[in-house]
Amino acid sequence: MDITTRLHLLDTARRAYQADTALSAADRSFHRSARATAQALVTITDCEEQLAATRHLSQAMAASAALDDARQAHRDCTGRRRKADSRRRRAFTASRRANRELAALYRPHARGRGTGGKRLSSVTAGLLDELVAMPLDLIQAADVLLVQSSGGKDSLVMLHRIATWAARAGCTDKVVVVHCDLGENSEWPGVRKLAQRQAERYGLRFVAVDSTGGLLGLVEKRGMFPDAARRLCTASLKRDRANVLLTEIVAALGLDRQVLVLNCMGLRAAESPARSKKSPLSIDTRTSNNKRLVLTWHPILDLSETAVWQTIADETLEYHPAYDALMPRLSCVFCVLAGFDVLVRAVRLCWALDLPLPEQYTDLEARIGHRFKDQYSLADVVAEARHVEEREGRLTWTRGDALRTHLGGEAAAAYLERMADYESDAYLERLTLVV
Ligand code: SF4
């Protein structure tokens, strides 16, 4: 099966999936309206009984009015149920048509693929597995590759992988590196410029998307901090804005056919149980439509943290100095998903760099009356950071400490030597974080 056929099948699977989802939603809506209709009928019976039992004129008038209201409510519910029923029938027909179309398209290619049942999920998973094993063909077939870069170590290695494949496929011009800039009140200094330099090293187009107010602004507006269960920060500060850009980029291509977008992210399975369940390649059913098929690609899903640092060392990639202060991730300075010890270290790093963030965040916490986390407040984190500083003194680090920790002194020394050759003046100038 050639790649065009695979992608056509995948888009047919996407339509079948969306039709099935629409059918489930229509089904739920019908059952809701049916329950409301039944309840309205019960209310009518109650009102009729009350009216029959009433002896006084004023009470009879009130009961009669209530009965009229109940009958009207029942008529409204019945109307809604009829509409929901016809929506459900239409959704059922669309779902059946989409699934039949998929089965008919897939049948000639099904032999030997072990998907005899032709279930939508197994057909889709099989196609995605095949596509992820042929990255150069996938890149050649794509119209645009978006590389979502935070500027952190995982984004950096993912960018290196994609840029290398794109160069081999002769498709560097299709790659756009997207950086969501959360601003100085959320992130460590220099992240945006670093992300830009990382992209420019490969000659790739770089686009920064601004997030007005950043995490601090979001918390101020909502009056509460996000948490792992309600992680609105990622959606509203990053994903939603990146999706607006995606729409603009697709429109700018001006193609009168469906566009294939590869949306690349630097997630790794080893980072968390949730991430370990991700697939290397999946259809973004939320963003895909008849104008664009968006595939979410996790090209470094299988890499360990050591492998990431090894690639950085081997390829002399420029990483953010916050890693040398042994911050494990280049996320928001006070990420709501970070553990207590990491947050304590972040506070100490802010103090070492003269950043006002600990004060700004603890002030905000006091003002809105909502704790940073259920288990502890940021004020608790700051208090612990003070104790640690009393015991250990100010936080210090030296350039290359991240590599020393993960790969050993020899690897760090070799990296620093090579890095000194690589745009040395500019690099040293930027290392303002190192004391
Ligand atoms: S880095 Fe943490 S706090 Fe910042 S947007 Fe992501 S999850 Fe939210």
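**Notes on the three-domain model**

1. Leu416 lies in helix 15 (residues 409–421); helices (H or I, at least four residues) and strands (E, at least two) are DSSP runs, numbered from the N terminus. At 17% relative accessibility, Leu416 counts as buried, where buried means under 20% relative accessible area, exposed over 50% and partly exposed in between, with a 1.4 Å probe and protein chains only. A good partner to display with Leu416 is Ala313: 103 residues separate the two along the chain, and their C-alpha atoms are 8.9 Å apart.

2. A word on the basis of these notes: this is a predicted model, in which local features need pLDDT of at least 70 and side-chain atom pairs count only at pLDDT 80 or more, while totals for chains, interfaces and linings use all residues. Residues are numbered from 1 along each chain as its sequence is written, and side-chain values use heavy atoms, with hydrogens and water left out.

3. Now the overall layout. Domain 1 covers 3–124, domain 2 covers 134–297 and domain 3 covers 305–430, with bounds that come from an automatic or database domain assignment. Taken over C-alpha atoms, the centres of domain 1 and domain 3 are 51 Å apart.

4. Which residues surround the ligand? They are Leu215, Arg231, Cys233, Thr234, Lys238, Ser331, Cys332, Cys335, Val336 and Leu337, the criterion being a residue heavy atom within 4 Å. Domain 2 (134–297) and domain 3 (305–430) each supply at least three residues to this shell. Helix 8 (residues 232–253) gives the most, with three residues.

5. How does that shell divide by residue type? Six of its residues are nonpolar, two are polar and two are charged. In this count Ala, Val, Leu, Ile, Met, Phe, Trp, Tyr, Cys and Pro are nonpolar, Asp, Glu, Lys and Arg are charged, and the others, Gly among them, are polar.

6. On to the aromatics. The structure holds eight aromatic pairs; rings of Phe, Tyr and Trp (its six-membered ring) pair if their centres lie within 6.5 Å, with planes under 30 degrees apart called stacked, over 60 edge-to-face and the rest tilted. One of them joins Trp309 and Tyr323 edge-to-face, at 5.4 Å centre to centre and 85 degrees between the planes. Trp309 belongs to helix 10 (residues 305–314) and Tyr323 to the loop between helix 10 and helix 11 (340–352), so this pair ties together parts that are 14 residues apart in sequence. Both Trp309 and Tyr323 are buried. Ring pairs also link Trp309 and Tyr323 with Tyr319 and Tyr415 into a cluster.

7. The loop between helix 10 and helix 11 deserves another look for its backbone. Thr316, found in this loop, has a positive phi of about 50 degrees although it is not a glycine. Leu326, also found there, has a positive phi of about 65 degrees and is likewise not a glycine. Are these residues buried or partly exposed? Thr316 is buried at 9% relative accessibility, whereas Leu326 is partly exposed at 38%.

8. In domain 2 (134–297), Ser288 is worth a close view. Its place is in the loop between strand 5 (281–283) and strand 6 (292–297), and Ser288 is buried, with a relative accessible area of 5%. What does the side chain of Ser288 reach? At 2.8 Å lies the backbone oxygen of Asp284.

9. Leu204 sits in the loop between helix 6 (191–200) and strand 3 (205–210) and is buried at 7% relative accessibility. Val176 is 28 residues from Leu204 in sequence and 6.5 Å away in space, C-alpha to C-alpha.

10. For domain 1 (3–124), start with Arg88, whose charged end sits over the ring of Phe30, 3.8 Å from the ring centre. This label needs NZ of Lys or CZ of Arg within 6 Å of the ring centre and within 35 degrees of the ring normal. Then turn to His109, in the loop between helix 2 (57–106) and helix 3 (120–132); His109 is partly exposed at 24% relative accessible area. His109 and Thr5 are 104 residues apart along the chain, with their C-alpha atoms separated by 9.6 Å.

11. Finally, Leu378 is placed in helix 13 (residues 378–392) and is buried, with a relative accessible area of 1%. Between Leu378 and Gly126 there are 46 Å, C-alpha to C-alpha, and 252 residues along the chain.

Definitions and conventions: A polar contact is a pair of N or O atoms within 3.5 Å; within protein, one must be able to donate a hydrogen and the other to accept it, and residues adjacent in sequence count only if both atoms are side-chain atoms.
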